[in-house]
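Grab a coffee and open the structure viewer. Below is a set of short exercises, each followed by a worked solution to check against your own reading.

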Amino acid sequence: MTTPSAADAAAEHRLRVRFGRLHSNVPADGDACAAELAASGRRVVVVSACLLGEPVRWDGAARNHPRATLPLLADPSVELLPLCPELLGGMGCPRPAVHFAHGDGDAPDARVVDTAGRDRTAELRAGAVRADALATLAGASAALLKERSPSCGATAVHGPAGPTAGSGMFAATLRRRGLALATEECAPSAPPVPDDASTRGPHAP
Ligand code: SF4
């Protein structure tokens, strides 16, 4: 008989494989993975991959957030779609941190720069477009996103002077299509589990 810990490990492995396919260098594999989720008949929820423990942040770390993700992981009617729009935009990992120099994800003239002052707007937009395409293929209806990210922030992003109200590129795209957005800071309550901001180490492609 499968023990709960073995079941948990199997579920985590399946999610990691799914993440790998969605971020594959072969876009058709990512498309097929998303389409399989749509065919599952379950509710599909986008989750910022770093919240699930994937070490994809700019510094190569994860931002594991069990309090926000466990209710989704434990719900048999839900399939998770782990996405990192900045990886999908070709920004690599680790990468220089970015912030909005002007506007936010809803502004047509938004401008995103990295810590060296280089314009990264096109990559953020490309990542949002690709991530949204996968979410569309998967039939996702909701998203749990990492607050303050210039890609994933749902109500706040990093601006020129620090955190400020606004939407990230990906979050704004999802909201325009009508998806319900939550963040790790406003997710439904869950059993008290210590959050783990540690990393599993640099992302291995
Ligand atoms: S782009 Fe989104 S998923 Fe990727 S590291 Fe930043 S917050 Fe996490």
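**Exercise 1. Helix 6 and its surroundings**

Work out what covers the buried residues of helix 6, and decide whether the helix is enclosed or open.

*Solution.* Start with the cover: it includes strand 1, helix 4 (85-88), helix 5, strand 5 and strand 8. Keep in mind that this is a predicted model.

Next, list the buried positions. They are Met169, Phe170, Ala171, Ala172, Thr173 and Leu174. That makes 6 of the 8 residues of helix 6, so the helix is largely enclosed by the rest of the structure.

Now look at how the helix is placed. Helix 6 (residues 169-176) lies across strand 1, strand 5 and strand 8, and it runs at about 145 degrees to strand 8. Finally, step just past the end of the helix: Gly178 sits there with a positive phi of about 95 degrees.

**Exercise 2. The overall layout**

Count the helices and strands, then write down the order of the elements from the N terminus on.

*Solution.* The count comes to 6 helices and 8 strands. Reading from the N terminus, you should get α-α-β-α-β-α-β-β-α-β-β-β-α-β.

For burial, take the 205 residues of the protein: 41% of them are buried. For contacts, take those with a separation of 6 or more; 66% of these link residues 24 or more positions apart.

**Exercise 3. The parallel sheet**

Find the order of the strands in the open sheet of 4 strands, and say which strands stand at the edges.

*Solution.* The order is 2-1-5-8, and the pairing is parallel. Strand 2 (78-83) and strand 8 (180-183) are the edge strands; each has a single partner strand, so one side of each lacks a neighbour in the sheet. On average, neighbouring strands here are turned by 25 degrees against each other, direction ignored.

Zoom in on one pair. Strand 1 (residues 43-48) runs parallel to strand 5 (residues 142-145), with 3 bridges between them. Within that pair, Val46 stands opposite Ala143 of strand 5.

**Exercise 4. The core**

Name the residues with the most contacts inside the largest nonpolar core, then pick Val45 and list what it touches.

*Solution.* The core holds 46 residues, and Val45, Val46, Val47, Leu81 and Leu83 have the most contacts inside it. Helix 5 (residues 121-138) supplies the largest share, 6 residues. As a general rule, nonpolar side chains in soluble globular proteins tend to be buried together.

Leaving out residues up to four places away in sequence, Val45 touches Leu72, Val78, Leu80, Leu81, Ala140, Ala142, Ala143 and Leu144.

**Exercise 5. Two helices that meet**

Describe how helix 2 and helix 5 cross, and list the residues that meet.

*Solution.* The axes of helix 2 (residues 27-39) and helix 5 come within 7 Å and cross at roughly 35 degrees. On the helix 2 side you'll find Gly30, Asp31, Ala34, Ala35, Leu37 and Ala38; they meet Leu134, Leu137 and Ala138 of helix 5. Sorted by class, this contact has 7 nonpolar, 1 polar and 1 charged residues.

**Exercise 6. The ligand shell**

Which residues are around the ligand, and how do they divide by class?

*Solution.* Walk along the chain and you'll collect Ser48, Ala49, Cys50, Val56, Arg57, Cys84, Pro85, Glu86, Lys146, Ser149, Ser151 and Cys152. They divide into 6 nonpolar, 3 polar and 3 charged residues.

**Exercise 7. Backbone oddities and a hairpin**

Check the phi of Arg148, the peptide bond from Cys93 to Pro94, and the link from strand 6 to strand 7.

*Solution.* First the general rule: most residues other than glycine have a negative phi, and most peptide bonds are trans.

Arg148 has a positive phi of about 80 degrees even though it isn't a glycine. Arg148 belongs to the loop between strand 5 and strand 6. Is Arg148 buried or exposed? The cut-off for buried is 20 or more other C-beta atoms within 10 Å; Arg148 has 21, so it is buried.

The bond from Cys93 to Pro94 is cis, with omega near 0 degrees, and Pro94 lies in the loop between helix 4 and strand 3 (98-102).

As for the hairpin, it joins strand 6 to strand 7 through 2 residues. Strand 6 (residues 156-159) and strand 7 (residues 162-165) run antiparallel, joined by 4 bridges, and Gly159 stands opposite Gly162 in strand 7.

Notes. Residues numbered from 1 in each chain as written. Predicted model: local features only at pLDDT ≥ 70, side-chain atom pairs only at ≥ 80, totals over all residues. Core = buried A, V, L, I, M, F, W, Y, C linked by C-beta atoms within 7 Å. Buried ≥ 20, exposed ≤ 12 C-beta atoms within 10 Å, placed from the backbone. Contact = placed C-beta atoms within 7 Å. Near = placed C-beta within 6 Å. Nonpolar A, V, L, I, M, F, W, Y, C, P; charged D, E, K, R; others polar. Pairing = 2+ DSSP bridges. Axes fitted to C-alpha atoms, helices over the stretch in contact; angles between N-to-C directions.
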